[in-house]
Amino acid sequence: MRLVLTSQSDQPRLRAAFSLGITTLLVMGLVASQWLLGDSAQQMQFDARLAPPSIDHWLGTDALGRELWARTLAGLALSFWVGCLAALLSTLIALSLAALATLSARLDALVSLLIDTLLSVPHLILLMLIAFALGGGTQAVIIAVAVTHWPSLARVLRAELLHLRQAPYVRISRALGKTRWFVLHDHLLPHLLPHCLVGALLLFPHAILHEAALTFLGFGLSPSQPAIGVLLADAMRYLNSGYWWLGVFPGLGLLLMVLSFERLSSHLRRAL
Amino acid sequence: MRLTHLSVVLLCVALVSFGLMMVSPIDPIDAYLGPQMAQVSPEQRELIAQRWGFDESPAVQFGHWLRQLVGGDLGWSHVYNQPVSDVIGQRFQRSIALLGGAWLLSALLGFSLGVVAGAKEGSRLDKIITTYAYITASTPAFWLAILAVLLFSVMLGWTPTCCAGPAGALNQDVSFATRLHHLLLPVATLALLGIASITLHTRTRMLALMRSDVAIYAFAQGASRIDVAWRHGLRHASLPAVTLAFASLGELFGGSILVEQVFAYPGLGQATVAAGLRSDVPLLLGIALFTTLFVSVGNMIANTLYGVIDPRIRQGEL
């Protein structure tokens, strides 16, 4: 933290590289842990139910004697994959709708009406409506998050596209008789890719947080999966009895993951 | 102009949410019957479907619903066994205390923290405030609420863990002080979450001002940092703060759903979750429309205030 703060104003690229390194390490550790641990997140030990954190049980155990640290790691890995898929889908939606909006004025008005509609319903309510419509489950969460998170990126991409279309090299290329597809594929897309990358990274933390919230409320991943939202919803039942570790550690893990991606994306945006 | 836009958006929201309910795999008759499902014969089911108009095409059903909606009838909520408008009215009355308190607190605190942080860039206070804002921006709302319950209710015992009043007490018997006591922790949690974005935006705006020619000129005349921040900065930085405060009503409401769920506070957010989990379609649709109206009005106020604070925008100079 100290290091990050002292190099604040002068070297945005160094900071971006630094947080990229940390986040990559975290993600690699997470993926590797899932590969090494197998299904230990679901293994029950009936002689060690609701054990507090100790040397044997690092973060304590839950009501069925399952290790909390293994479950938290599994939950973070689940969140990561759901977040990745949702951010990817959302970026694709943003890109295609932005491209559609630049085709004609009428389509543009339609897309901006769609954006206004989406932005005027509270995010969480819309997520609940979509998850309800799709009947819940992992797929429903991914689709719900993807469908609700594209507007800000679509706005950026649309502005960028409108700007690019007037650029001299695009107009020359058009005048030379290149096809629309060639212009889009060879001139515009390479220009938009960095925006898409940063946009997807900016979406990612929001996607994870919303996935966890949706699951916590009971609209998301099924209660048998070790998702962070499920762990915390379970913890709610034991709050009054003083089993604090159940409520503290899964959320802390989620916070750290979201924070590292949030920092990475804002550093990258500044560096590019 | 704005009103037509608002009604178009509301119509779109109605269409989209109705469409979503239509594609849902959950059968409305099963949801209504609940455990009595097995006692009902196919003929009776058909009667219910006919009585409620389920046998007609989705377009016709949408037309019916819209006509009733315009007439002010939102339908019947089977979870609460009351008209939907009554449920929303009662619940919103309880939620408004939570929402309003958190909203005021987060706007005021967020704005002042942003001004303080932006007034002196790179100071220790600035670093503490920005670090805090970055961390709360990434904190899951419901986790913060769980932490608050653990710390203040379970370990310290300062505040009650649940509900809007003591268990079993009738609504009218609960005194104002008890109500406030129950509201304290939810409001504080919700406010803490809302602070981050207002603080960061205000800070950015203040930084821009402190580096501007106006500030340099004032410094050259011997004004202190506090002078510049107070006389020039406050008004300059209030624009994004005010806009953001009104534009973030949707997020505030989303947060209140989670916070109400954790604190078991019987407000609109909890009703939303109950409606969704127990397939109360009319209530869910009603809440979706109601909150959309709430958020859109907030956005409209934000746009109008923009012109009041900065006359250049109203006159079209910017």
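Q: What makes the element order of chain A a run of α only, and how many helices and strands are there?
A: From the N terminus on, the elements run α-α-α-α-α-α-α-α-α-α-α. Chain A has eleven helices and zero strands. Helices here are DSSP runs of H or I with at least four residues, strands are E runs with at least two, and both are numbered from the N terminus. The model is predicted: local features need pLDDT of at least 70, side-chain atom pairs count only at pLDDT 80 or more, and totals for chains, interfaces and linings use all residues. Residues are numbered from 1 along each chain as its sequence is written, chains are lettered from A in the order written, and side-chain values use heavy atoms, without hydrogens and water.

Q: How do you know which residues of chain A and chain B are in contact, and how many are there?
A: Contact means heavy atoms within 4.5 Å. The contact takes 42 residues from chain A and 48 residues from chain B.

Q: What is the area buried between chain A and chain B?
A: About 3,900 Å², with carbon and sulfur atoms giving 81%. Buried area is the accessible area (1.4 Å probe) lost when two parts are put together, summed over both.

Q: Which helix gives the most to the side of chain A that touches chain B?
A: H11(A), with twelve residues. By class, that side of chain A has 30 nonpolar, eight polar and four charged residues. Ala, Val, Leu, Ile, Met, Phe, Trp, Tyr, Cys and Pro count as nonpolar, Asp, Glu, Lys and Arg as charged, and the others, Gly among them, as polar.

Q: How many salt bridges does the rule find across the interface of chain A and chain B?
A: Zero. The rule asks for a side-chain nitrogen of Lys or Arg within 4 Å of a carboxyl oxygen of Asp or Glu.

Q: Which residues make the contact of H8(B) with H11(B)?
A: H8(B) brings B:Leu185, B:Pro186, B:Thr189 and B:Leu190. H11(B) brings B:Leu252, B:Gly255, B:Ser256, B:Val259 and B:Phe263. By class, six are nonpolar, three polar and none charged.
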